[in-house]
Amino acid sequence: MVCLGNICRSPMAEGILKKLVKQYNLNWEVASAGTNDYHRGEPPHPLARKVCHIHGINIDSIRKRKFCATDFKEYDRIYAMATDVLEEMRYIAGKDFDARKAGLLMDELYPGRRISVPDPWYGPEDAFHQAYKMIENACKALVEKYAVTCCS
Ligand code: 4NP
């Protein structure tokens, strides 16, 4: 799960997907990262932590990690929270960028519509709630899709 800062959207996505993976009893490793260089080693934004906490998810122990080209070797699927993030991933990964593995998270729910999860960084608390809902809906769709194909 990748966003710009690994402070707001992608840590929420990591927490949400990990919860679903547990609920569906899947053997998936889930992680998150950010494409920019800021906030290295920092925990998620207090409002991201608060919104997740309201939904019974604890993301307090996540620490900002920068996305890197070797993530394409480590992971089977890499989801960008937004179109600009996907472009940054392409730039950072260079020749290691694998279009079969990378995609927009919201494409799991609305294929081909190229919808981004708006960055809640500057927004009020409601922006974090809205981002949470979008990410949760897309994560549910992806778990239902892959859980059926890989575990049935
Ligand atoms: P995120 O939000 O990509 O959802 O983690 C941001 C957090 C920090 C910054 C940008 C986006 N920043 O530029 O510091």
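1. Let's start with Met 106, which you'll find in the loop between S4 and H5. Keep in mind that this is a predicted model. Met 106 is buried, because its relative accessible area is 3% and the cut-off for buried is under 20%. Its C-alpha atom is 7.7 Å from that of Met 134, although 28 residues separate the two along the chain.

2. Arg 114 is in the loop between strand S4 (102-104) and helix H5 (125-151). What is the phi of Arg 114? The angle is positive, about 50°, and Arg 114 is not a glycine. That's worth a look, since most residues other than glycine have a negative phi. Arg 114 has a relative accessibility of 45%, so it counts as partly exposed. Going back along the chain, Leu 104 is ten residues away from Arg 114 in sequence, and the C-alpha atoms of the pair are 7.0 Å apart.

3. His 39 is another one to check by eye. This residue, not a glycine either, has a positive phi of about 65°. You'll find His 39 in the loop between strand S2 (33-34) and helix H2 (46-54). Is His 39 buried or partly exposed? It is partly exposed, because its relative accessible area comes to 23% and buried would need a value under 20%. His 39 is also one of the residues around the ligand, which brings us to the binding site.

4. Which residues are around the ligand? From the start of the chain come Cys 3, Leu 4, Gly 5, Asn 6, Ile 7, Cys 8 and Arg 9. Further along, Asn 36, Tyr 38, His 39, Asp 119 and Trp 121 join them. Sorted by class, this shell has six nonpolar residues, four polar ones and two charged ones. As for the location, the ligand sits in the second largest pocket.

5. Now for the polar contacts to the ligand. Arg 9 uses its side chain: one of its polar atoms there is 2.8 Å from a ligand oxygen. Leu 4 uses its backbone instead, with a polar atom 3.0 Å from an oxygen atom of the ligand. Asn 6 also brings in its backbone, where an N or O atom is 3.3 Å from an oxygen of the ligand. How much of the ligand does the protein bury? On its own the ligand exposes 350 Å², and 91% of that is buried by the protein.

6. Asn 6 has a second role in the picture, through its side chain. A polar contact of 2.8 Å links that side chain to the side chain of Ser 10. Ser 10 belongs to helix H1 (residues 9-23). A polar atom of the Ser 10 side chain is also 3.4 Å from the backbone oxygen of Ala 33. Ser 10 counts as buried because its relative accessibility is 0%. So if you're tracing the site outwards, Asn 6 is a handy residue to follow: its backbone contacts the ligand, and its side chain contacts Ser 10.

7. One last spot to look at is Asp 71, in helix H3 (residues 71-74). Where does its side chain make a polar contact? The partner is the side chain of Arg 65, at 3.3 Å. Asp 71 has a relative accessible area of 4%, so this charged residue is buried.

Technical notes. Residues are numbered from 1 along each chain as its sequence is written. This is a predicted model: local features need pLDDT of at least 70, side-chain atom pairs count only at pLDDT 80 or more; totals for chains, interfaces and linings use all residues. Side-chain values use heavy atoms; hydrogens and water are left out. A residue is near a molecule or strand if one of its heavy atoms lies within 4 Å of it. A polar contact is a pair of N or O atoms within 3.5 Å; within protein, one must be able to donate a hydrogen and the other to accept it, and residues adjacent in sequence count only if both atoms are side-chain atoms. Accessible areas come from the Shrake-Rupley method with a 1.4 Å probe; for residues, only the protein chains shown count as cover. On a 1 Å grid over the protein atoms alone, a cavity is a set of points where a 1.4 Å probe fits but cannot get out, and a pocket is an open set with protein on both sides within 12 Å along at least five of seven lines; lining residues have an atom within 4 Å of a point. A molecule sits in a cavity or pocket if more than half of its atoms lie within 2 Å of its grid points. Helices (H or I, at least four residues) and strands (E, at least two) are DSSP runs, numbered from the N terminus. Buried means under 20% relative accessible area, exposed over 50%, partly exposed in between (1.4 Å probe, protein chains only).
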